[in-house]
Amino acid sequence: QVQLVESGGGLVQAGGSLRLSCVASQNIFTMNHMGWYRQAPGKQREFVAVITSAGLTSYADSVRGRFTISRDNAKNTVYLQMNSLKPEDTAAYYCTAQNVVTYWGQGTQVTVSS
């Protein structure tokens with residue numbers, strides 16, 4: 001069982017930046033993928049970004065060019081740097097880790113005011 005703990009959410013004005021962190025309870029080097037999803041009120045959870053064990057990344061069209069996912073295997077941590085934030089980025093952000101199964105964190109709230 002892998003425990004994931006997100007942090008770094010908060011309230012920010014449009015155009016601002018936040019960096020989310022996700023700390024895993026065990027070595028993330030064993031995970032095939034680490035990623036971020038988000039869920040806005042009244043909407044389905046959606047993919048945001050993913051990074052593979054080889055360091056390859058992929059992003060949702062809505063965040064490409066503004067968000068950057070990275071990982072620090074030594075710290076068992078995955079980051080999501082979010083720049084040029086928009087009100088439509090407001091959501092609960094969830095960290096995921098996947099090998100044979102997919103693990104989810106409890107989420108951290110990001111609120112972007114206009």
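Leu 18 touches Gly 8, Gly 10, Val 12, Leu 80, Gln 81, Met 82, Leu 85 and Val 110, residues up to four places away in sequence being left out of the list. The model in which these contacts occur is a predicted one. Leu 18 belongs to strand E3 and has a relative accessibility of 15%, so it counts as buried, the limit for that class being under 20%. One of its contacts, Leu 80, is 62 residues away along the chain, yet the C-alpha atoms of the two leucines are separated by 8.2 Å.

Strand E3 comprises residues 18-24 and runs antiparallel to strand E8, residues 77-82, to which six bridges join it. Within this pairing, Arg 19 has Gln 81 of E8 as its bridge partner. Both strands are part of an open sheet of four strands, arranged in the order E1-E3-E8-E7 with antiparallel pairing. The edges of the sheet are formed by E1 and by strand E7 (67-72); each has a single partner strand, and one side of each is therefore left without a neighbour in the sheet. From one strand to the next, the twist averages 15°.

The edge strand E1 spans residues 4-7 and includes Glu 6. Glu 6 is buried but forms no salt bridge. The nearest side chain of opposite charge is that of Arg 45, at a distance of 7.8 Å, whereas a salt bridge requires the charged atoms to be within 4 Å. The side chain of Glu 6 does reach backbone nitrogens: that of Cys 95 at 2.8 Å, and that of Gly 107, which lies 2.9 Å from a polar side-chain atom of Glu 6. Cys 95 and Gly 107 are also among the residues that Glu 6 touches beyond four places in sequence. The others in this set are Ser 21, Cys 22, Trp 36, Tyr 93, Tyr 94, Gly 105, Gln 106 and Thr 108.

A further buried position is found in strand E5, residues 46-52, where Thr 52 is located. Thr 52 has a relative accessible area of 17% and is therefore classed as buried, the cut-off being under 20%. Apart from neighbours within four places in sequence, Thr 52 is in contact with Asn 32, His 33 and Arg 71.

Notes. Residues are numbered from 1 along each chain as its sequence is written. This is a predicted model: local features need pLDDT of at least 70, side-chain atom pairs count only at pLDDT 80 or more; totals for chains, interfaces and linings use all residues. Side-chain values use heavy atoms; hydrogens and water are left out. Helices (H or I, at least four residues) and strands (E, at least two) are DSSP runs, numbered from the N terminus. Buried means under 20% relative accessible area, exposed over 50%, partly exposed in between (1.4 Å probe, protein chains only). Lys and Arg count as positive and Asp and Glu as negative; His and the chain ends are not counted. A polar contact is a pair of N or O atoms within 3.5 Å; within protein, one must be able to donate a hydrogen and the other to accept it, and residues adjacent in sequence count only if both atoms are side-chain atoms. Contact means heavy atoms within 4.5 Å. Two strands pair if DSSP finds at least two bridges between them. Axes are lines fitted to C-alpha atoms, for helices over the stretch in contact, and angles run from 0 to 180 degrees between N-to-C directions.
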